[in-house]
Amino acid sequence: MKIMAGMNCPRCDHSMTPAFAHAAATIPYVTPEQILKFAHVSGDVHQVPLWKRFLPHAAEYFVTHLCGECGIYIIDIKHTLSSAEAKELAQILTR
Ligand SMILES: [Zn+2]
C-alpha cells in the first residue's frame, strides 16, 4: 500500500489532517453547468455520484485531507483503500 504522506493546504500552506471518507457516502458534487440548469428549479440540485464516474468498481474508502485553518477538504477519489488498508493506515496515523 502506498502510504499517503502528510500534505500542505494548497490555499494557505498549513499542514492538513489526513482522514477517510466512506466510498458509499454521497459526495456533494455539482458542476457549474448543473447549477445553471437546475439551481433555479429547486433548492435540491441533483447530486452526481462522483466516484461512479471515475471508479468502475467502488472501493471502500477514500483518503481525505482537511485543513483546519481555512477549511479546504480534499477527497482523493483515485486512491482508494480496502477496510484492511484503511485500518493499517489509521494505525500509522494515530501512532
Ligand atoms: Zn488551508
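These legends go with close-up views of a predicted model.

**View 1. The whole chain, with its three helices and three strands.** Start here to get your bearings. If you trace the protein from one end of the sequence to the other, the elements come in the pattern β-α-α-β-β-α. Of its 95 residues, 11% count as buried. Look at contacts between residues at least 6 apart in sequence, and 53% of them turn out to join residues at least 24 apart.

**View 2. The open sheet, strand by strand.** The three strands line up in the order β1-β2-β3, and the pairing is antiparallel. β1 (17-22) and β3 (73-81) sit at the edges with a single partner strand each, so one side of each has no neighbour in the sheet. Going from one strand to the next, the twist averages 30°. As a reminder, strands of a sheet pair through backbone hydrogen bonds, either parallel or antiparallel.

**View 3. Where β1 meets β2.** Here β1 runs antiparallel to β2, the strand made of residues 61-66, and six bridges join the pair. A handy spot to find in this view is P18, which stands opposite H65 in β2.

**View 4. The β2 and β3 hairpin.** These two strands also pair in the antiparallel sense, over six bridges. To pick out one rung, find Y61: its bridge partner in β3 is L81. Six residues lie between the strands of this hairpin, and G71 takes a positive phi there, near 95°.

**View 5. A close look at T80 in strand β3.** Is T80 buried or exposed? Count the C-beta atoms around T80: there are 20 others within 10 Å, and because the cut-off for buried is 20 or more, T80 counts as buried. While you are there, look across to V63. T80 and V63 are 17 residues apart along the chain, yet their C-alpha atoms are separated by 6.7 Å.

**View 6. Helix α3 lying across the sheet strands.** Which strands does helix α3 lie across? The helix, residues 83-93, lies across β1, β2 and β3. Relative to β3, helix α3 runs at about 130°. In the sequence pattern β-α-α-β-β-α, this helix is the α at the end.

Conventions: Residues numbered from 1 in each chain as written. Predicted model: local features only at pLDDT ≥ 70, side-chain atom pairs only at ≥ 80, totals over all residues. Pairing = 2+ DSSP bridges. Helix = DSSP H or I, 4+ residues; strand = E, 2+ residues; numbered from the N terminus. Axes fitted to C-alpha atoms, helices over the stretch in contact; angles between N-to-C directions. Contact = placed C-beta atoms within 7 Å. Buried ≥ 20, exposed ≤ 12 C-beta atoms within 10 Å, placed from the backbone.
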